[in-house]
Amino acid sequence: MNDVARPLLSPTHRLSRLRLYGTSLFAASCALLAGCVSSSGCEARYDASPQFKGCGFQNLPNPEVLPSASAWRIWSRFIVGSKVETVPVDPIPVHMQSTAELEALDPKANHVVRLGHSSHLLKLQGKYWLIDPVFSERASPFTWVGPKRFHKPPLALEQLPPIEGLILSHDHYDHLDVATIEYLAQRVQRYFVPLGVRARLVAMGVPAERVTELDWWQGGEHDGVKLTATPAQHFSGRTLTDRDRTLWASWVVQSGDQRIFYSGDSGYFPGFKQIGERFGGFDLALMENGAYDPYWPGVHMTPEQSVQAFEDLRGKVLYSVHNSTFDLAFHTWHDPLDRIADLTQAKKIELATPVIGEVLTIGKARTNERWWQGLH
């Protein structure tokens, strides 16, 4: 919370507000972080998938993964725990994009525009794609409570150019946004999603025939772009009763002779090394770096783990994502950026921490700046 002047509340009023906020946030926090377990019957079956067991999907075996705290401990901490500097006081710098600037980008190259958090607009050899687009004010099942944006998107939904393809990593609210998908439903030519997510999109108005659903290691192609869904160590769910009913994935995107890796949300696991070995490295790796915590060590990476995963992947440029837009954990808002910048500098790894709205052209030299330094 920003330390601005506000009316003083009596202890009774503060407690009432706390209870109201806690009740409303319960579903959101469980879906985003704790993933409350349900034992209700199967809605759909995917028995052909090695990842599908019983009534849900599961991660690859990883004996080194640490367990998460209980859902009760996690959401209780969100309600009564204290937070320090998890939300910036100063404005986050945003480079506002324009249609003219996007159209001026070299149509023979591959470009990545940072929209915020894990949302990106890609211009791949002249055609536009989206990754995990979230344009709403909150990453929440509610419009009035839940994690609120630190900044506006660098362009409005209405400003988006025609979208050829859209890639989703999983169904959590900070990656799959109802209002955004409903607006884009008929405006995207092809959706690429993990198993089970098609039904989510169809419920939001997307024509089923436009959705390609993939298991790990399965691939697809659209308009010259090749895509492969690859493993991640995470979970899924949007309510209190649908834990792991849909699959989660990282993605490999190949446009021309360049390969992009997108981690989605993931804890550190041996799968990163396997992906690097299979694909022989990446020109750009969009790596999760934010929302980590000792309460959920297996589903998000610390900056140190993100760097290790990047090295496992054999990447050329580490592009930091999943930070600077929403307050989803207890570390300071700038901690992911501080730590990964220091780590990559020590290891002489090329780092990209773009300003929101900045364009990165793959293979083109750039000077990375610690734009967050000096902000509070």
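1. Asp244 is buried, at a relative accessible area of 13%. The residue belongs to the loop between β10 and β11. Its phi is near 60°, which is a positive value in a residue other than glycine. The model is a predicted one, and the backbone angle of Asp244 should be read as part of that prediction.

2. Arg314 also has a positive phi in a residue other than glycine, here near 65°. Arg314 sits in the loop between α7 (303-313) and β14. With a relative accessible area of 47%, Arg314 is partly exposed, because the exposed class begins over 50%.

3. On aromatic contacts, the structure contains 15 aromatic pairs. In one of them, the ring centres of Tyr46 and Phe57 are 5.5 Å apart and the planes stand at 40°, so this pair is tilted. Tyr46 is in the loop between α1 (11-34) and β1 (52-53), while Phe57 is in strand β2 (residues 56-57), so the contact ties together parts 11 residues apart in sequence. Tyr46 and Phe57 are both buried.

4. Phe57 also pairs with Phe52: their ring centres are 5.1 Å apart with the planes at 70°, so this pair is edge-to-face. Phe52 is buried, as is Phe57. A pair of aromatic rings is described by the distance of the centres and the angle of the planes.

5. Elsewhere, ring pairs join six residues into a cluster: Phe261, Tyr268, Phe269, Phe272, Phe279 and Phe282.

6. Two arginines have their charged ends over tyrosine rings. The charged end of Arg77 is over the ring of Tyr295, 4.2 Å from the ring centre. For Arg238, the ring is that of Tyr173 and the distance to its centre is 4.1 Å.

7. The largest nonpolar core has 32 residues, and the members that touch the most others are Trp129, Leu227, Trp251, Leu284 and Tyr319. At least two residues of this core come from each of the strands β4 (119-124), β5 (127-131), β10 (225-230), β11 (250-255), β12 (258-262), β13 (284-288) and β14 (317-321). A second core, separate from this one, has 26 residues, among them Leu105, Phe135, Ile181 and Met204. In soluble globular proteins, nonpolar side chains tend to be buried together.

8. Cavities: a search of the whole structure gives 2 of 30 Å³ or more. The largest cavity holds about 120 Å³ of space. It is lined by 16 residues, of which Ala291, Phe326, Asp327, Leu328 and His331 are the closest to its centre. By type, the lining of the largest cavity divides into 7 nonpolar, 8 polar and 1 charged. Asp327, being Asp, counts as charged, whereas His331 counts as polar.

9. Ala71 lies in helix α2 (residues 71-80). At 23% relative accessibility, Ala71 is classed as partly exposed, because buried means under 20%. Ala71 and Trp296 are 225 residues apart in sequence, yet their C-alpha atoms are 9.9 Å apart in space.

Methods:
Residues are numbered from 1 along each chain as its sequence is written. This is a predicted model: local features need pLDDT of at least 70, side-chain atom pairs count only at pLDDT 80 or more; totals for chains, interfaces and linings use all residues. Side-chain values use heavy atoms; hydrogens and water are left out. Rings of Phe, Tyr and Trp (its six-membered ring) pair if their centres lie within 6.5 Å; planes under 30 degrees apart count as stacked, over 60 as edge-to-face and the rest as tilted. Helices (H or I, at least four residues) and strands (E, at least two) are DSSP runs, numbered from the N terminus. Buried means under 20% relative accessible area, exposed over 50%, partly exposed in between (1.4 Å probe, protein chains only). A charge sits over a ring if NZ of Lys or CZ of Arg is within 6 Å of the ring centre and within 35 degrees of the ring normal. A nonpolar core is a set of buried Ala, Val, Leu, Ile, Met, Phe, Trp, Tyr and Cys residues joined through side-chain atoms within 4.5 Å. On a 1 Å grid over the protein atoms alone, a cavity is a set of points where a 1.4 Å probe fits but cannot get out, and a pocket is an open set with protein on both sides within 12 Å along at least five of seven lines; lining residues have an atom within 4 Å of a point. Grid points are joined across faces, edges and corners, and a volume is the space filled by probe spheres set on the points.
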